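These are my notebook entries from a first reading of a structure that was new to me. I wrote down each thing I looked up, in the order that made it easiest to follow.

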Amino acid sequence: MNPQSNLKDKWILITGASKGLGKEMVLLFAQAGANLILTARSSELLDELKARVSADGRQCVTIAGDLRDSAVLASVISIGLEKQLDILVNNAGVVDITKLEGVSDERVDEVIELNLTIPIKLTKGVIEMFKTRKRGVIVNVNSAGGKKPVPDHTIYCASKYGFNGFAEALKLEIKGFGIRIVNVCPGKMATELFTAADREMDTEAFIDPREVAEGVLYMLEMSPKCSHAELNVDRMS
Ligand SMILES: NC(=O)c1ccc[n+]([C@@H]2O[C@H](COP(=O)([O-])OP(=O)(O)OC[C@H]3O[C@@H](n4cnc5c(N)ncnc54)[C@H](OP(=O)(O)O)[C@@H]3O)[C@@H](O)[C@H]2O)c1
């Protein structure tokens, strides 16, 4: 544990904590001394992470479930408030790679809900507490696809552009409250995101999610005097 870390004994809530970028952030933030609230659907993967984090002496609460289930979402927010959350990491996401005419309505709902509506609801759930305490950090894992269109990622780009718009407008609302938004925009990372979308890809040239997690840690270690920050990382093409 790093005794000098700004994260020491802070409570951090990470969505999509079970794998990929979320998992890498869990391991790094725990090493820095943070306590963690972890959520994702895979309870076994969350239990494994909890065991690793607890072995390092950190406190860890897990909530296994689908964030689209309103009871799961309510329970995540309630635990965040109970633990007096310091940092919210909106990371859970799904991708869709289909031409518009081929996307089912259910898939449209899933992508928009998970990538846009749920981060909005989670942020709404904790923002009053952050405002009252005049501090708090919101890490939004967006995407290079939230800034530049990607062919056949139309619904994904819509969700991530919307997420960006939400964050930019929220910055105006929270001005003067000491709350910081960290926007993370990676290019393609070597995670299971594309496998989950039934896409086999050669991930050899993709970014290692550990490196993106290290970038996020660096931004969280910045002094609370620093305002909003953005991490853009793309792969060599
Ligand atoms: N990989 C890339 O190339 C890339 C590029 C730019 C941005 N991003 C963004 O980075 C973030 C993390 O993605 P990743 O690449 O690390 O993908 P990943 O390895 O597939 O991880 C996605 C996480 O979201 C969770 N999740 C998915 N559906 C869920 C649901 N319905 N309810 C609750 N949790 C759910 C998954 O856990 P369970 O399956 O256990 O539920 C998993 O922990 C996403 O927001 C993504 O858009 C990824």
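Entry one, the ligand. I count a residue as near the ligand if its C-beta atom, placed from the backbone, lies within 6 Å of it. The model I am reading is a predicted one. I looked up the surroundings of the ligand and found 29 residues, of which Gly16, Gly20, Arg41, Ser42 and Gly93 come nearest. Sorted by class, this shell holds 14 nonpolar, nine polar and six charged residues. I then asked which helices supply at least two residues each to the shell. They are helix H1, covering 20-31, and helix H6, covering 193-196, and H1 gives the most, with three residues.

Entry two, the sheet. I traced seven strands in an open sheet, ordered E3-E2-E1-E4-E5-E6-E7, with parallel pairing. Strand E3 (60-64) and strand E7 (229-233) stand at the edges and have a single partner strand each, so one side of each is left without a neighbour in the sheet. Ignoring direction, I noted that neighbouring strands are turned by 10° against each other on average.

Entry three, helices on the sheet. Helix H2 (residues 43-55) packs on the sheet, where it touches strand E2 (35-40) and E3, and its direction makes about 180° with that of E3. Helix H3 (residues 70-82) also packs on the sheet, touching strand E1 (11-15), E2 and E3, and the direction of H3 makes about 165° with that of E3.

Entry four, strand E5. Is this strand buried or exposed? Six of the six residues of E5 are buried, so the strand is largely enclosed by the rest of the structure. I checked both faces and found them covered, with Gly136, Ile138 and Asn140 buried on one side and Val137, Val139 and Val141 buried on the other. Strand E5 (residues 136-141) runs parallel to strand E6 (residues 179-186) and is joined to it by six bridges, and the partner of isoleucine 138 in E6 is isoleucine 181. With strand E4 (residues 87-90), E5 pairs in the parallel sense over four bridges, and there asparagine 90 stands opposite asparagine 140.

Entry five, the cores. The largest nonpolar core has 54 residues, and I noted that Val26, Phe29, Leu36 and Leu38 touch the most other members. Leaving out residues up to four places away in sequence, I listed the contacts of leucine 36 as Ile12, Ile14, Val26, Phe29, Ala30, Val53, Arg58 and Cys60. Apart from the largest core lies another of six residues, among them Val111, Ile155, Tyr156 and Cys157.

Note on methods:
Residues are numbered from 1 along each chain as its sequence is written. This is a predicted model: local features need pLDDT of at least 70, side-chain atom pairs count only at pLDDT 80 or more; totals for chains, interfaces and linings use all residues. A nonpolar core is a set of buried Ala, Val, Leu, Ile, Met, Phe, Trp, Tyr and Cys residues joined through C-beta atoms within 7 Å. A residue is buried if 20 or more other C-beta atoms lie within 10 Å of its own, exposed if 12 or fewer, and partly exposed in between; C-beta atoms are placed from the backbone. Two residues are in contact if their C-beta atoms, placed from the backbone, lie within 7 Å. Ala, Val, Leu, Ile, Met, Phe, Trp, Tyr, Cys and Pro count as nonpolar, Asp, Glu, Lys and Arg as charged, and the others, Gly among them, as polar. Two strands pair if DSSP finds at least two bridges between them. Axes are lines fitted to C-alpha atoms, for helices over the stretch in contact, and angles run from 0 to 180 degrees between N-to-C directions.
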